[in-house]
Amino acid sequence: MGVGSNATNGRLCCIAALCLAGLSGCGGGGSDAAGDGAGAGACTGSRDHYSGNALVDSLISGPSSSWLWNFRAVSGGFKYSFEPGVAVSVVPGAIAFNASQRQAALEMFAYIHSVTGIEFTETSGGEANLRLVNSPDRSRSVFTTWDQSSTYVVMTLESVLFDFGDPRPGTYGYLTLLHELGHALGLIHPPALPNAVDSNMGSALVCGTNVDCNNTPTTFGRNDLLALKWIYGADGFGGEYGYNSRCGSTL
Ligand SMILES: [Zn+2]
């Protein structure tokens with residue numbers, strides 16, 4: 001597996017990979033549901049913020065989260081950039097993704113589009129709302145954060161624990177990048193559940209004691225998929241279903 005193998009000290013490595021989340025991404029959920037009036041037509045979706053399914057709701061950011069893109073005036077999906085230039089204001093010394101990291105990200109964009117309907121379009125300059133870069137700080141591990149206009153997924157090329165610089169499918173690097181993209185979509189870490197009721201096979205957003213070090217899925221878990229459906233309605237940003245949409249949310 002090359003530099004940063006997780007062959008030893010697996011559980012600690014899992015925790016390090018998935019939970020040293022840096023500026024953000026490890027927060028708890030919010031509180032109140034936010035109803036904003038029913039839409040017209042034969043819609044039967046819910047206007048509640050939470051779905052009523054505990055496993056799903058444990059993944060959903062609170063109503064005030066800036067990461068729930070259906071609440072933002074954003075159309076056309078994610079405009080992503082691998083350019084480090086603009087990102088340096090948030091990630092000092094940002095280093096561009098290498099070819100392997102870009103390949104992994106592009107695979108995930110296609111996958112996320114297939115399950116959410118969200119479009120991904122590469123852009124340059126200042127208009128990107130999803131930026132993927134490496135931090136030069138090896139001690140920082142990986143994290144996701146945002147400013148007024150963009151979400152930043154920050155990896156590192158030279159983690160002392162993992163080969164984040166070569167995140168091929170089936171590696172922790174790959175799962176970790178998917179985990180961070182889950183944050184970019186507005187998902188949060190679910191709480192630790194007894195007996196690993198739902199490990200990372202149920203959600204790529206789990207961390208800590210629920211991480212199953214023997215499994216490194218390449219896709220979101222069933223709970224993630226339901227949460228994303230609730231938030232975005234499987235028709236991308238805006239659309240008919242999901243938060244802030246005409247028909248509300250459904251599971
Ligand atoms: Zn995380």
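Right after helix H6 comes Gly233, and its phi is positive, near 75 degrees. The model here is a predicted one, and this end of the chain holds a few more backbone angles of that kind. Ala234, in the segment after H6, has a positive phi of about 65 degrees even though it is not a glycine. Asn244 also sits in the segment after H6, and its phi is near 60 degrees, again a positive value in a residue other than glycine. That is worth a second look, because most residues other than glycine have a negative phi. How buried are these two? Ala234 has 18 C-beta neighbours inside 10 Å, so it counts as partly exposed. Asn244 has 20 such neighbours inside 10 Å, so it counts as buried, the cut-off for buried being 20 or more.

H6 itself, residues 222-232, is mostly covered, with nine of its 11 residues buried. Those nine are Asn223, Asp224, Leu226, Ala227, Leu228, Lys229, Trp230, Ile231 and Tyr232. What sits over them? The cover includes helix H2 (54-57), H4 and H5.

Stepping back, the chain has six helices and six strands. Going along the sequence, they come in the pattern α-α-β-α-β-α-β-β-β-β-α-α. Of the 251 residues in the chain, 47% are buried. Among contacts with a separation of 6 or more, 64% link residues that are 24 or more positions apart.

Helix H5, residues 172-184, is a handy one for a quick length check. At 1.5 Å a residue, its 13 residues should span 18 Å, and the end C-alpha atoms are indeed 18 Å apart, so the two values agree. Is this helix enclosed or open to the outside? With 13 of its 13 residues buried, H5 is largely enclosed by the rest of the structure. Just after H5, Gly186 takes a positive phi of about 105 degrees.

The largest nonpolar core contains 56 residues. Met108, Val154, Leu177, Leu178, Leu181, Ala227 and Ile231 are the ones with the most contacts inside this core. Strand S1 (78-81), helix H3 (84-87), helix H4 (99-116), S4, S5, S6, H5 and H6 each put in at least two residues. Which element gives the largest share of this core? That would be H5, with seven residues. A core like this fits a broader habit: in soluble globular proteins, nonpolar side chains tend to be buried together. To see one residue up close, take Leu177. Leaving out residues up to four places away in sequence, Leu177 touches Ala104, Ala105, Met108, Met155 and Pro167.

Between S6 and H5 there is a loop, and Phe164 is found there. Being in a loop does not leave Phe164 uncovered: it has 27 C-beta neighbours inside 10 Å and so counts as buried. Phe164 lies 11 residues from Leu175 in sequence, and their C-alpha atoms are 10.0 Å apart in space.

Now for the strands. S1 pairs with S3 in the parallel sense over three bridges, and Lys79 has Thr121 in S3 as its bridge partner. S1 also pairs with S4 in the parallel sense, this time over two bridges. There, Ser81 is matched with Arg131 in S4. Strands S5 (residues 143-146) and S6 (residues 151-156) run antiparallel and are joined by four bridges. A hairpin of four residues leads from S5 to S6, and Trp146 stands opposite Thr151 in S6. As a reading tip for any of these strands, side chains in a regular strand alternate between the two faces of the sheet.

Finally, Thr123 shows how S1 keeps company with the loop that follows S3. Thr123 lies in the loop between strand S3 (120-122) and strand S4 (130-135). How far is Thr123 from Lys79 in sequence and in space? The two are 44 residues apart in sequence, yet 5.9 Å apart from C-alpha to C-alpha. Not counting residues up to four places away in sequence, Thr123 touches Lys79, Tyr80, Ser81 and Ala128. Even with those contacts, Thr123 counts as partly exposed, because it has 14 C-beta neighbours inside 10 Å.

Notes
Residues are numbered from 1 along each chain as its sequence is written. This is a predicted model: local features need pLDDT of at least 70, side-chain atom pairs count only at pLDDT 80 or more; totals for chains, interfaces and linings use all residues. Two strands pair if DSSP finds at least two bridges between them. A residue is buried if 20 or more other C-beta atoms lie within 10 Å of its own, exposed if 12 or fewer, and partly exposed in between; C-beta atoms are placed from the backbone. Two residues are in contact if their C-beta atoms, placed from the backbone, lie within 7 Å. The expected span of a helix is 1.5 Å times one less than its number of residues. A nonpolar core is a set of buried Ala, Val, Leu, Ile, Met, Phe, Trp, Tyr and Cys residues joined through C-beta atoms within 7 Å.
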